[in-house]
Amino acid sequence: MKRLFWQILFALLPLCAAAQTIQSPSGQLTLTFSLDGTRPQYALTYKGRDVILPSHLGLELARDKHASRGMEETDLIDGFAIEKTETSTFDETWQPVWGETRDIRNHYNELAVTLRQAGAGERILVLRFRLYDDGLGFRYEFPSQPDLNYFLIQDERTEFRMTGDHTAWWLPGDYDTQEQQTQESRLSEIRARFHDAVNWGNSSVAVFSPTGVQTALQMRTADGLYINLHEAACVDYATMHLELVDPQTTALTTRLQGASNAYTPPPAPARAPLPPPFTFVSHLTPDATGLKGAMQTPCRSPWRTVIVSDDARDMLSSNLILNLNEPCALDDVSWIHPTKYCGVWWEMIVGKSAWNYTDELPSVQLGLDTPPDFRLAAFDFRRTTPNGRHAANNEKVRRYIDFAARNGLQQVLVEGWNVGWEDWANRWKRDVFDFQTPYPDFDLQGLNDYAHSKGVRLMMHHETSSSTQNYERYLEDAYALMNRYGYDAVKSGYVGDIIPRGDHHYSQSMNNHYLHCVQQAARHHIMVNAHEATRPTGLCRTYPNLVGNESARGTEYEAFGGNRPDHTCILPFTRLQGGPMDYTPGILETQLSTWSDNTSWVRTTVCGQLALYLTMYSPLQMAADLPEHYERPDLAPAFQFIRDVPCDWDDSRYLEAEPADYITVARRQKGSDNWFVGSKCDENGHQTTLKLDFLQPGRTYDATIYTDAPDAHYQHNPKAYNVTRKTVRCGQTLKLTSAPGGGFAVSIIAR
Ligand code: NOJ
Ligand code: CA
């Protein structure tokens with residue numbers, strides 16, 4: 001008996017003390033898990049170099065106010081012993097419904113560590129690590145158990161301890177928006193740069209700390225390692241930010257001066273001593289109560305992700321985030337299709353025309369709860385004087401439909417078709433839109449019939465103005481209306497602060513709202529493209545009808561003062577890690593003052609705009625400029641590329657990449673041997689030696705090459721470009737020059 005006791009003790013001892021290690025399939029990454037006393041920690045190396053130094057894992061829990069007095073909640077931070085560890089291997093290849101490549105390999109080694117926390121009760125926490133050749137994913141799992149049933153999260157305390165003062169491409173951490181320009185700085189410079197990095201003018205801003213940043217966060221180490229921190233499969237959980245712990249950090253929730261509506265957090269709880277410099281700690285988005293999560297076991301956190309390579313191109317071709325998401329949840333996906341579209345949109349963004357029908361009404365009251373004598377009916381709009389600037393009118397929409405039909409664009413987005421825009425941007429107004437009642441000059445039936453007769457569909461627009469309760473109440477009717485008239489895609493929007501008040505765009509409850517809409521849309525065979533919604537975490541794998549999001553600073557900002565020329569050389573490293581962006585490229589008339597009172601101008605050349613159809617991968621691509629610009633003799637040759645470029649691919653090869661400098665990618669059209677190449681660069685210009693070794697040997701191709709003219713420049717000569725044609729074969733090389741703020745685009749059609 002005594003012998004058996006010692007045998008068991010010795011068998012268990014390594015579990016208590018020794019580190020657990022797994023390697024990625026090729027062996028180039030190593031993940032180590034251990035206990036620091038009783039605190040769980042992990043570390044990551046790549047080709048023998050440190051990526052994440054030993055970093056703690058854990059969560060602070062909040063006391064439920066309904067719990068009996070004096071019952072303090074025990075955090076899931078320390079007091080742990082290892083109960084068991086399990087390792088496994090997984091290797092499968094799957095086919096996305098749409099994507100950059102036809103096949104995606106999901107190959108990882110896994111370590112699952114079951115921890116037991118002794119205390120007032122016994123709690124079980126599982127840490128699951130998946131190690132790929134391109135990075136790491138790990139998450140917290142909370143199995144069903146008597147002593148951990150319902151719980152509230154005060155905050156997650158996942159650390160990412162960096163090895164030094166890396167260069168980072170970062171956005172200020174914000175609970176509501178990421179419509180900002182990315183900053184490039186050392187980690188140590190974030191605090192000093194923070195205030196000026198915030199887009200204080202956005203319709204909803206809630207920054208929380210002068211060292212808080214958003215994910216996906218892209219970094220580069222002094223010795224050339226690229227590291228990207230983000231998350232995957234954020235479901236029923238708040239969006240994660242990262243807070244850099246620097247010597248000046250006194251409390252992790254420092255209120256910033258000047259935030260328009262920043263949430264005032266409760267006093268920070270007493271904290272463990274600060275970790276060493278250059279450590280990021282997770283910071284979740286609170287809900288209206290200030291708490292970060294309301295959980296019920298069994299449940300789990302999203303995956304925390306670390307993508308790593310010594311080659312920047314690998315950051316862009318990584319499928320780690322998609323792989324960490326669950327497989328497709330929809331049985332029938334036949335109705336989901338990549339789509340190129342144009343829309344009645346840019347002219348409103350630029351300020352030339354309007355979403356609203358009349359300027360006569362100081363406000364309108366719609367809505368289910370509005371007393372009938374206050375409620376405005378559709379016919380009331382007929383009694384008002386139209387402002388003459390309402391763009392979503394029958395005549396104009398017909399023209400857009402004709403244009404789409406002539407140019408192979410499948411859909412026409414129409415914004416401002418439904419009543420309520422007269423005072424839509426009011427911060428606290430709940431009953432803004434009903435998503436069903438058209439303005440008097442928009443013939444819902446007639447325009448849809450006309451579109452369908454031309455082989456085109458209209459694309460629905462639901463601006464919710466962040467009144468989510470209102471939207472959810474109308475959702476079923478709104479989607480049913482879409483089915484009735486033949487719409488199969490909706491662009492939704494969440495401008496302004498969340499209503500009901502106090503909640504944030506990236507909270508657990510809001511993340512649940514967005515997913516609810518996507519799931520309900522799937523029941524109606526509707527594809528969703530949500531603007532201002534939470535930043536994506538790869539959920540489009542599970543719900544491929546989530547064909548796009550904005551969730552970053554899009555082309556619209558070219559009309560609000562401009563995006564820096566390097567902006568689109570950063571987004572694929574950051575925002576696009578979680579899923580495609582509806583960036584809305586294709587503005588060929590870059591000088592807005594030539595046709596409007598808007599003095600802003602687009603910070604790229606014409607060829608830079610063409611390149612975005614390749615470098616900003618999305619199954620949804622807009623030709624965002626006005627039809628009359630595309631038809632102009634000086635711009636029509638460039639528009640030909642937008643007509644030709646597909647948005648569904650079998651293969652993609654990232655040929656060159658450096659964050660904020662340049663990206664060159666070649667993609668093979670779905671089901672064909674046609675290739676399209678795009679290259680976008682920053683304000684410095686770029687030289688590319690394009691080796692056509694991806695073409696099929698022995699085959700002849702007709703290449704059309706769209707390049708910036710030698711004297712082109714995004715500032716003073718953006719519209720100078722050349723189109724040349726060439727016969728090309730595998731193995732040939734093209735030398736191509738991109739102007740400052742420019743790029744190139746090539747279509748290579750197989751004979
Ligand atoms: C902001 C969106 O990003 C933009 O595309 C849309 O036109 C406006 N909201 C109005 O919904
Ligand atoms: Ca927006």
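Visitor: How do the residues of the shell around ligand 1 divide into nonpolar, polar and charged?

Guide: This is a predicted model, by the way. In it, the shell around ligand 1 has five nonpolar, two polar and six charged residues.

Visitor: OK, and which residues are the closest to ligand 1?

Guide: Those are Glu415, Glu463, Lys491, His531 and Glu532, out of 13 residues that surround the ligand.

Visitor: How far is the His531 side chain from an oxygen atom of ligand 1?

Guide: An N or O atom in the side chain of His531 sits 2.9 Å from a ligand oxygen. Trp345 also has a polar side-chain atom 2.9 Å from an oxygen atom of ligand 1. For Glu556, a polar side-chain atom is 3.0 Å from an oxygen of the ligand.

Visitor: What share of ligand 1 does the protein bury?

Guide: The protein buries 95% of the 300 Å² that ligand 1 exposes when taken alone.

Visitor: Switching to helices. At what angle do α12 and α14 cross?

Guide: At roughly 5°, and their axes come within 10 Å. Helix α12 covers residues 606-615, while α14 covers 636-644.

Visitor: Are they roughly parallel or roughly antiparallel, then?

Guide: Roughly parallel: angles under 35 degrees count that way, so α12 and α14 fit the description.

Visitor: Which residues make the contact?

Guide: From α12 you get Val606, Leu610, Tyr613 and Leu614, and from α14 there are Ala638, Phe641 and Ile642. By class, that contact has seven nonpolar residues, with no polar and no charged ones.

Visitor: New topic: backbone oddities. Which residue does a cis peptide bond join to Thr215?

Guide: That's Ala216, and omega is about 0° there. Ala216 is in the loop between β14 (212-213) and β15 (217-220). The bond from Thr297 to Pro298 is cis too, with omega near 0°. You'll find Pro298 in the loop between β19 (293-296) and β20 (299-300).

Visitor: Why point those out?

Guide: Because most peptide bonds are trans.

Visitor: And what's the phi of Phe435?

Guide: Near 60°, which is a positive value in a residue other than glycine. Most residues other than glycine have a negative phi.

Visitor: Where is Phe435?

Guide: Look in the loop between β23 (411-414) and α8 (444-453).

Technical notes: Residues numbered from 1 in each chain as written. Chains lettered and ligands numbered in written order. Predicted model: local features only at pLDDT ≥ 70, side-chain atom pairs only at ≥ 80, totals over all residues. Heavy atoms only, no water. Near = heavy atom within 4 Å. Polar contact = N/O pair within 3.5 Å; in protein donor to acceptor, adjacent residues only side chain to side chain. Areas by Shrake-Rupley, 256 points an atom, 1.4 Å probe, with all protein chains shown as cover. Nonpolar A, V, L, I, M, F, W, Y, C, P; charged D, E, K, R; others polar. Axes fitted to C-alpha atoms, helices over the stretch in contact; angles between N-to-C directions. Helix = DSSP H or I, 4+ residues; strand = E, 2+ residues; numbered from the N terminus. Parallel < 35°, antiparallel > 145°, perpendicular 65-115°, else oblique. Contact = heavy atoms within 4.5 Å.
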